[in-house]
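Q: I am new to this structure and would like to understand how its residues earn the labels given to them. Could you take me through the reasoning step by step?

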Amino acid sequence: MHICAATATLPGLPLTEAIERIVAGIEEPLFGRLDHAHVQLCPQSRGQVDAAQCDSLRERWPDTRFRPHANLRVLPRLRVFDASSDPTAAAPLFKLVADVCARLGSPTYTLHAGYRANATLTQMIDNIRRLQDVFPCPVGVEGLYPDTGRGQLMDCWADYERVLLAGVPLAIDLSHLHIVARHEGRCDDLVRALLASPTTLEVHVSANDGRRDSHDLLSDEPWWWSLRDAINPDAVVFSEGNQLRHH
């Protein structure tokens, strides 16, 4: 399995420093050295991503494809938005992210499904489809997991199956599915279908204890390991394992 790095592997660092470390070479116990052919730009990195930053990234690393993710910091202060956000209220933020994608020549943009208090699953799917008209690249939704503190969309197998059947682009986070599996039991046939779907743009991997999304490094083969051969060959696999916690 060919694994690229997300800047979430180095949370809290300035974006440019995280990319420098990724390009210099970071490793995981299960995967070895992570690749930088694609780098996911995550909100865990410090610093605003504006036009000047985009131009600098492309100039410094012309061979790397940069893929913005979730509520990337496109304003001086972090703003939280996702696929459940009110489309009218979030429109200016999504326009800024779309501009970043255009400036970077990004092949995709992916964002989290969001919260049940903000939207139904049907509304969330509609929001994703509407964003396709705003962005210069495919927009994929990342499913979530059960959270007792705040109800999330795509937090159960039934939601994942429904979104898969809706045909919207996907980002499949296997660490999130590990939490779903702990709550509901494994559903390997559905996981295989999600991974293999031509609508799957990205696959995210890290480890956790099945209770919370702790972004640990993978050192042992997880239960989904035997399903990795099903991954859509056009999808990019990103590690989100926290490198700083283990050094």
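A: In this predicted model, Arg116 has a relative accessible area of 38%; buried is under 20% and exposed is over 50%, so Arg116 counts as partly exposed.

Q: What makes the contact between Arg116 and Asp155 a salt bridge?
A: The side chains of Arg116 and Asp155 meet with 2.6 Å from N to O, and the cut-off for a side-chain nitrogen of Arg and a carboxyl oxygen of Asp is within 4 Å, so the pair qualifies. The two residues belong to distant parts of the chain, Arg116 in the loop between β6 and α4 and Asp155 in the loop between β7 and α5 (157–166), 39 residues apart.

Q: Why is Asp155 called buried or exposed?
A: Asp155 has a relative accessible area of 14%, and buried means under 20%, so Asp155 is buried.

Q: What else does Arg116 form a salt bridge with?
A: Asp159 is a partner of Arg116, with the closest N and O atoms 2.6 Å apart. This pair also links distant parts of the chain, since Asp159 lies in helix α5 and Arg116 in the loop between β6 and α4, 43 residues apart. Asp159 has 10% relative accessibility and therefore counts as buried. Arg116, Asp155 and Asp159 are thus linked in a network of salt bridges.

Q: How many salt bridges does a search of the whole structure find?
A: The search finds 11 salt bridges, and one of them joins Arg60 to Glu20, whose closest N and O atoms are 2.9 Å apart. Arg60 lies in helix α2 (residues 51–60) and Glu20 in helix α1, so this pair ties together parts that are 40 residues apart in sequence.

Q: Why do Arg60 and Glu20 count as partly exposed?
A: Arg60 has 42% relative accessibility and Glu20 has 35%; partly exposed is what lies between the limits of under 20% for buried and over 50% for exposed, so the label holds for Arg60 and for Glu20.

Q: How do you know that the buried residues of α2 are on the same side?
A: In α2, Gln53, Cys54 and Leu57 are buried. They cover an arc of only 100 degrees around the axis, which means that they sit on the same side of α2. The buried residues of α2 pack against α1, β4, β5 and α3 (87–104), while the face turned away from the buried side carries the exposed residues Ala52 and Glu59.

Q: Which strands form the sheet, and in what order?
A: Eight strands form an open sheet in the order β5-β4-β1-β10-β9-β8-β7-β6, with parallel pairing. The edge strands are β5 (65–68) and β6 (109–112), each of which pairs on one side only.

Q: How do you know that β6 pairs with β7?
A: Four bridges join β6 to β7 (residues 139–142), and pairing needs at least two bridges, so these two strands count as paired. They run parallel, and Thr110 stands opposite Gly140 in β7.

Q: Which strands does helix α1 touch, and which does helix α4 touch?
A: Helix α1 (residues 15–24) packs on the sheet, touching β1 (3–6), β4 (35–41) and β5, and its direction makes about 160 degrees with that of β4. Helix α4 (residues 121–131) packs on the sheet as well, touching β6 and β7, and its direction makes about 155 degrees with that of β7.

Methods: Residues numbered from 1 in each chain as written. Predicted model: local features only at pLDDT ≥ 70, side-chain atom pairs only at ≥ 80, totals over all residues. Heavy atoms only, no water. Contact = heavy atoms within 4.5 Å. Axes fitted to C-alpha atoms, helices over the stretch in contact; angles between N-to-C directions. Buried < 20%, exposed > 50% of the residue type's maximum accessible area, 1.4 Å probe, protein only. Arc of directions from axis to C-beta.
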